[in-house]
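Trainee: I'd like some practice in reading a model residue by residue. Can we go through one together?

Mentor: Sure, let's put it up and start with a single side chain.

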Amino acid sequence: MLCESREKTGRRRTGSMAQNDNHTASRPALNAVPRHVAIIMDGNGRWAKGRGEERLYGHRHGVDAVREVVRTAAEVGIEYLTVYAFSTENWGRPEAEVDGIMALIANAILAELDTLTGAGIRMRFIGDTGSLPENLRASIRTAENTAIPKERLRMTLNVAVNYSARWELAEAARQIGESVCRGVLSPEEITPELISDHLTTRGMPDPELLIRTSGEQRLSNFLLWQLSYTELYFTDTLWPEFGRDGLLAALHEYEQRERRFGRL
């Protein structure tokens with residue numbers, strides 16, 4: 001992990017990575033790095049259409065962009081990276097596209113697992129994963145059961161699949177309500193911190209930076225609770241073209257922001 005010192009804003013001054021980091025020599029100079037970055041990866045279909053290809057062509061190239069962004073995020077010292085891979089609303093897309101995306105995610109998980117594990121990056125999955133196809137659930141189980149020793153852990157990659165912030169908040173409310181009904185919890189004990197502890201991102205800091213590609217400027221039912229004080233960064237770049245340079249541009253923009261959290 002990074003040698004680090006915390007600022008009052010929640011940013012982190014970067015130090016040196018482990019000696020076996022192959023990217024050390026080329027690591028960009030950043031004065032402040034967010035601990036947690038969230039990304040809405042948008043524009044795969046439009047990118048493919050612009051090339052006269054089917055939408056799945058764009059999704060396949062989108063996996064390449066994910067690979068490059070994950071590598072860069074770990075390189076600069078981001079501790080948590082959360083990517084929006086498939087929303088509950090995406091089930092409304094054509095069946096062939098949905099089936100293709102499900103297979104693409106399942107195959108990418110297994111194809112990248114050894115490389116990620118070797119680099120000290122663990123995968124976690126957030127969303128209603130129980131409703132996913134069995135082959136994808138099997139890939140998720142394999143990835144989540146792959147342990148990385150604490151001393152080697154560099155970054156956690158959260159993949160949001162069949163995710164909806166409204167679903168997540170309803171699930172948290174249901175769990176808390178059940179505890180109240182059983183007498184384990186009183187209504188007076190329900191706090192923002194307790195709600196956070198019932199979310200899929202429990203135990204993680206809230207994202208300091210949200211990136212959305214393709215020119216759209218909305219949250220699309222993504223991490224609505226967690227993004228309360230997050231810096232928002234929108235770019236016209238379509239996701240397959242985002243990559244390393246796109247992430248670094250967003251991080252340099254983040255460095256210029258002043259995070260006051262309602263204070264002067």
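Trainee: Is Tyr233 buried or exposed?

Mentor: Keep in mind that this is a predicted model. The cut-off for buried is under 20% relative accessible area. Tyr233 has 15%, so Tyr233 is buried.

Trainee: Where is Tyr233 in the fold, and which residues does Tyr233 touch?

Mentor: Tyr233 belongs to strand E8, residues 231–234. Leaving out residues up to four places away in sequence, Tyr233 touches Leu209, Leu210, Ile211, Arg212, Ala249, Ala250, Glu253 and Arg257. Take Leu209: 24 residues separate Leu209 from Tyr233 in sequence, yet their C-alpha atoms are 7.3 Å apart.

Trainee: What about the chain as a whole: what share of contacts joins residues at least 24 apart?

Mentor: Counting contacts between residues at least 6 apart in sequence, 73% join residues at least 24 apart. The chain has seven helices and eight strands, and 46% of its 264 residues count as buried.

Trainee: Now helices. Why would buried residues in a helix point the same way?

Mentor: The general idea is that an α-helix has 3.6 residues a turn, so residues three or four places apart point the same way. Now look at helix H4, residues 134–144, where the buried residues are Leu136, Ser139, Ile140 and Ala143. They cover an arc of only 100° around the axis, so they sit on the same side of H4.

Trainee: What do the buried residues of H4 pack against?

Mentor: Helix H3 (95–118), strand E5 (121–126) and strand E6 (155–163).

Trainee: While we're at E6, what is the phi of Asn162?

Mentor: Near 50°, which is positive in a residue other than glycine. Asn162 lies in strand E6 and is buried, with a relative accessible area of 3%. Asn221 also has a positive phi, near 65°. Asn221 sits in the loop between strand E7 (209–212) and E8, and at 13% relative accessibility Asn221 counts as buried.

Trainee: Last one, pockets. How many residues line the largest pocket, and which lie nearest its centre?

Mentor: With a pocket, look at volume, lining and residue classes. The largest one has a volume of about 880 Å³. Its lining has 37 residues, with Met41, Asn44, Tyr84, Ala85 and Phe86 nearest its centre. By class, that lining has 19 nonpolar, eight polar and ten charged residues. Among the elements that each supply at least two lining residues are helix H2 (55–76), strand E4 (80–87), H3 and E6.

Conventions. Residues are numbered from 1 along each chain as its sequence is written. This is a predicted model: local features need pLDDT of at least 70, side-chain atom pairs count only at pLDDT 80 or more; totals for chains, interfaces and linings use all residues. Side-chain values use heavy atoms; hydrogens and water are left out. Helices (H or I, at least four residues) and strands (E, at least two) are DSSP runs, numbered from the N terminus. Buried means under 20% relative accessible area, exposed over 50%, partly exposed in between (1.4 Å probe, protein chains only). Contact means heavy atoms within 4.5 Å. The arc is that of the directions from the helix axis to the C-beta atoms. On a 1 Å grid over the protein atoms alone, a cavity is a set of points where a 1.4 Å probe fits but cannot get out, and a pocket is an open set with protein on both sides within 12 Å along at least five of seven lines; lining residues have an atom within 4 Å of a point. Grid points are joined across faces, edges and corners, and a volume is the space filled by probe spheres set on the points. Ala, Val, Leu, Ile, Met, Phe, Trp, Tyr, Cys and Pro count as nonpolar, Asp, Glu, Lys and Arg as charged, and the others, Gly among them, as polar.
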